[in-house]
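Trainee: I should like a close look at the cysteine cross-links of this model. Please treat them as one part, and then set them beside the neighbouring topics of strand pairing and surface.

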Amino acid sequence: YMNILNEPDLKMPSSTDIGGPEGPMQMARSLISAFDAMLEAEKEAGVTGPLINFTATFSYAICAACGGFSGKPALGQMWVLDDAMHNPEKYGYTPINDISAAYEARFIHSFNTQNPATDLQHQFLDDYSAHFPTTPVYIGEYHRVHANQTEDLEMILSLAEVNPLFFGISFFEYQVAYWKMGSEQDFGMLGLGDFEVASMPYFGQTFSIYCLAPQDSPLSGMSMPNAVAAVYGGSAIDTSTLCLANPEGVALDESGYLTVLSQNSSSQMSLFVERVVNHMGATVPKSRSKQLNDLAESIVDGSVSKGSNYSMAELATYLGSKPDWVEFDSQAKCVANRNVAPHVIGSAIGWVCSHAKTFSCDGVFLQCQGSTYKTADFVFSRYYDEVGSDNPLVDCDFSGAAIYASAQLYEGWSGSAHCVSGANPVTITSTTRTASTTAATTVGPETSTTVAEADTTTTTTSVPSEVSTTTTSADAVDVETTTTSGFLEPTTSRGAAHKDTDKEVTSSSLRTAVGQQALLLLPLLLLLAASA
């Protein structure tokens, strides 16, 4: 759902629930004008197919001046919004779109509460079902703090089973909100531990990223995440490794190996060993996972070396001998590690480009330039070929920025296979509809295509490789340019006569479109127009 505004009765204005009648009027006008703007943005974007649904999540406060249900929590606010959706002029707003029809088809009510589940039926659901018999409702933020979570959650989910209009709850919240004060920090399922998992650069500063630590639910007899998982039928989380060094992130050297070994966990060591395998351009088939796990367990308990210390070098030597449970790929390439932050990749690209001798980073394919990772795929793979190494753990690392990946791995990353060394040329065909004459000239290795129409000129230039251009002159022509090259050239079309691409915007019933197409609606909330 698209939440037009969370708890608007506490913001638009903040006195909506406790002030005079002008507060609910302003709140309603803000919501219906924003809703109208979102519908208009859909039209402008040509959105079709199953459309998203909308809501406005109210607080569970009693709105004394709302006109309806003035003694009931959340219902008064919903009454005002419902009235405004059907009578927008009454609230000083003239909509561009049919907001009433859209409201009937695509709206669901919602509210936040930390009241116990025992309150909901008589305080809210009975009256809601009578007044809004066709509009579903859900709780956007629900958490009865300091309650027995398993008992309270089981009760409120049972209410959803016996009340057809009540869709259920969204448990609040994932992480402790440390930026808030006092009791507002009591809601998170997970707090932050002491172990620094990583660091994050942000606008010139570096921030620490800490591990997650489950919060307790004493009355439930378990941690809060496990209590929630139990009620929803999920699995308890393994907390034993949350605040340990991640075997997927430690250095692939002796220090990283010893860090994982010190955790005395065969599952953690198994992850590390498989990562080493992957970094050697190989994979472990699922059918051979037992051999991987057996090796990890023997390393942890010391049996692999009969009690003596087993080193990272010995592990690498053993894996390099190509045991039969590991599949090595002759098409493996040195590419960017997708588990590493872009700024780390960028630094490694700079280092490689300053040391490369057989290729220039100025020649990175255009289809690889839009992504730090794909640029690195181009650069790292060629540099590793240049070095001619057979030791990817050393020469395809760049401080963790690279991985010597099998084709099975890197071909699963969008565009990577078109950027690595030895990639096949890419053929791009573009067609522009024009209304005048087009001329093509070829000069040496460069081809220039010029499209003239009135005072508008478009030029596309291709550099190195084979370029073939086909043009036709007429009053209205298709100009087709086919580029066979490792380079993608941008295509510009200004003033050309395009076919009609207007799309019919269709509506979809709330009941059939729940959870479907997500939509990023540009600067919509800027159009709230509370004072319009």
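Mentor: A disulfide is taken here as a pair of cysteine sulfur atoms within 2.5 Å. The model is predicted, so local features are reported only at pLDDT of at least 70 and side-chain atom pairs only at pLDDT 80 or more, while totals for chains, interfaces and linings use all residues. Residues are numbered from 1 along each chain as its sequence is written, and side-chain values rest on heavy atoms, with hydrogens and water left out.

By the sulfur distance rule, five disulfides are counted. When the bonded cysteines of the protein chain are numbered in sequence order, they pair as 1-2, 3-4, 5-9, 6-7 and 8-10.

One of these links runs from C211 to C243, with an S to S distance of 2.0 Å. It connects distant parts of the chain, 32 residues apart: C211 belongs to strand β7, whereas C243 is in the loop between α6 (224–232) and α7 (254–261). Helices (H or I, at least four residues) and strands (E, at least two) are DSSP runs, numbered from the N terminus. The link is right-handed, with 90° about the S-S bond. Burial is judged by relative accessible area with a 1.4 Å probe and protein chains only: buried means under 20%, exposed over 50%, and partly exposed in between. C211 is buried because its relative accessibility is 2%, whereas C243, at 29%, is partly exposed.

Another link joins C63 to C66, with S to S 1.9 Å. This link is also right-handed, with 85° about the S-S bond, and both cysteines are buried.

C353 and C361 form a further disulfide, again with S to S 1.9 Å. The torsion about this S-S bond is about -95°, and therefore the link is left-handed. C353 is partly exposed, with a relative accessible area of 28%, and C361 is likewise partly exposed, at 21%.

Strand β7, which holds C211, leads on to the surface. β7 (205–214) and β6 (190–202) are the elements that each give two or more residues to a nonpolar patch. The patch covers about 690 Å² and is made by F195, V197, M200, Y202, F203, F207 and I209. Patch members have over 30% relative accessible area and no salt bridge; like charges are joined within 9 Å and nonpolar side chains (Val, Leu, Ile, Met, Phe, Trp, Tyr) within 5 Å. A salt bridge is a side-chain nitrogen of Lys or Arg within 4 Å of a carboxyl oxygen of Asp or Glu. The largest share, four residues, comes from β6. F203 lies in the loop between β6 and β7 and is exposed, with a relative accessible area of 74%.

Strand β3 (residues 109–113) offers a contrasting setting: five of its five residues are buried, so the strand is largely enclosed by the rest of the structure. H109, F111 and T113 point one way, and S110 and N112 the other. Two strands pair if DSSP finds at least two bridges between them. β3 pairs with strand β2 (residues 54–58) in the parallel sense over two bridges, where F58 stands opposite F111. β3 is also joined to strand β4 (residues 137–142) by five bridges, running parallel, and F111 stands opposite I139 there.

Note on methods. Areas by Shrake-Rupley, 256 points an atom, 1.4 Å probe, with all protein chains shown as cover.
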